[in-house]
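Hi,

Here is the structure I promised to send over. Have a look at it first, and then read on for my notes.

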Amino acid sequence: MESSQQRIKIAVQKTGRLTEHSQDMLERCGLKLTRSKDRLFCYGENMPIDLLLVRDDDIPGLVSEDVCDLGIVGLNVVEEKRLELEAAGQNAMFKQVFALDFGHCRLALAGPADAEYGGISSLENKRIATSYVHLLNNFLNSNSIRAETVYFSGAVEIAPKLGKADYICDLVSTGSTLEANGMQQHDVLLESEAVVIQTRAPLSDEKQALVSRLLQRLDGVLQVRESKYIMLHAPRSALPRIRDLLPGSEAPTVVPLEGTPEKVAIHAVCRENVFWETLENLKAAGASSLLVLPVEKMLA
Ligand code: ATP
Ligand code: ZN
């Protein structure tokens, strides 16, 4: 029987934009999850890994306080917490260990679409509404701008309409929310995506080995998304040209073909999308019997 001491706890968002992707990534790493009745916990059936389902804002704190070993959360939340702790004279007890390439967004300043913006100096003595007070103050200080930050816990985009602020500093992905509220984006403070953070508290060798294994599998999951396995036949003489045409591939495997010594089969993993144009170019270079297959798993 495993003690809970040896199980890894990962804090993930309970409901929100990161929830589905976070669980999906872990499932692609081979983790089978069962949700508890109270829906606050997911039990890892086949690996000693459990999920704690919480609000995203609580994740850096839970990892910092070593309640959870790992957390999956937006870099925006991580950096805000780091600055908040720094402002209180404390060191963040978590470190970023992996970038997950989903949940992309940016923390940006925005103002009324019909008002002229003459760069950062336009913010001088203005009121800026945000949920990211520390990131905003840090940005203002490093640009020597004096402005008033107005804290909004949500719906920041309505602050100007309510007459509570002149500008906002909020997360933007497509920009449609800004547009719908008659605003335009200005300076970007932070480019964000979902990341894995780990507690700075030392883990047992056994737990650290499991974390490393999980991170390696996550890396494989990211690589596999873009990768294709490509197979073709070609005259031996066309090999150099074909090698140049194979997109993002390492040294291909070249296999002789029975009965036709002048022809070979070429197999390669391409770490980029393979487009029709590429196949047409390969064919023009002498390739035949072209096959492109999806890659299901990859371990570097
Ligand atoms: P919670 O109830 O967990 O506190 P929340 O409302 O704070 O949820 P969500 O709106 O679900 O959070 O966003 C979670 C994360 O998704 C953000 O912190 C950010 O990293 C990322 N994200 C990606 N695109 C956007 C976007 N357009 N707006 C807001 N967040 C985004
Ligand atoms: Zn939140």
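Below is what turned up, going from the cysteines to the helices, then two leucines and two loop residues.

Before anything else, keep in mind that this is a predicted model.

**Cysteines**

You will probably want to know about disulfides, so how many does a search of the whole structure find? Zero. Take Cys29: the closest cysteine sulfur belongs to Cys42 and sits 15 Å away, which is too far for a bond, given that a disulfide needs the two sulfurs within 2.5 Å. Cys42 is in no disulfide either, and its nearest cysteine sulfur, the one in Cys68, is 12 Å off. Is Cys29 buried or exposed? Cys29 is buried, at 4% relative accessible area. Cys42 is buried too, with a value of 2%.

**Helices**

Helix α3 covers residues 75–87, so 13 residues in total. From first C-alpha to last, α3 reaches 18 Å, close to the 18 Å expected at 1.5 Å a residue. Its buried residues are Leu75, Asn76, Val77, Val78, Glu79, Glu80, Leu83 and Leu85, so if you scan along α3 you will find two glutamates and an asparagine in that list along with the leucines and valines. After α3 comes Gly89, which has a positive phi, near 80°.

Next, have a look at where helix α1 (residues 19–28) meets helix α6 (residues 205–226). Their axes come within 9 Å and cross at roughly 105°. That crossing angle makes α1 roughly perpendicular to α6, because anything from 65 to 115 degrees counts as such. Which residues make the contact? From α1 they are Met25, Leu26 and Arg28, and from α6 they are Leu214, Leu218, Val221 and Leu222. Sorted by type, the residues of this contact come out as six nonpolar, no polar and one charged.

**Two leucines**

Leu282 is in helix α8, residues 276–284. Leu282 is buried, with a relative accessible area of 0%. Setting aside residues up to four places away in sequence, Leu282 touches Ile230, Leu232, Ile242, Leu245, Leu246, Ala287 and Leu290. Ala234 is 48 residues from Leu282 in sequence, and their C-alpha atoms are 9.2 Å apart in space.

Leu291 lies in strand β16, residues 288–294. Leu291 counts as partly exposed, at 43% relative accessibility. Apart from neighbours within four places in sequence, Leu291 is in contact with Tyr229, Ile230 and Met231. Ile230 therefore turns up in the contacts of Leu282 and in those of Leu291. If you want a long distance to try in your viewer, the C-alpha atoms of Leu291 and Arg82 are separated by 49 Å, with their positions 209 residues apart along the chain.

**Two loop residues with a positive phi**

Most residues other than glycine have a negative phi, which is why I picked out the next two. Arg39 is not a glycine, yet its phi is positive, about 60°. You will find Arg39 in the loop between β2 (33–35) and β3 (41–44), where it is partly exposed, at 48%. Ser144 is not a glycine either, and has a positive phi of about 50°. Ser144 is in the loop between α4 (133–142) and β9 (148–151). With a relative accessible area of 62%, Ser144 is exposed.

Happy to go through any of it with you.

Cheers

Conventions. Residues numbered from 1 in each chain as written. Chains lettered and ligands numbered in written order. Predicted model: local features only at pLDDT ≥ 70, side-chain atom pairs only at ≥ 80, totals over all residues. Heavy atoms only, no water. Buried < 20%, exposed > 50% of the residue type's maximum accessible area, 1.4 Å probe, protein only. Helix = DSSP H or I, 4+ residues; strand = E, 2+ residues; numbered from the N terminus. Expected span 1.5 Å × (residues − 1). Axes fitted to C-alpha atoms, helices over the stretch in contact; angles between N-to-C directions. Parallel < 35°, antiparallel > 145°, perpendicular 65-115°, else oblique. Contact = heavy atoms within 4.5 Å. Nonpolar A, V, L, I, M, F, W, Y, C, P; charged D, E, K, R; others polar.
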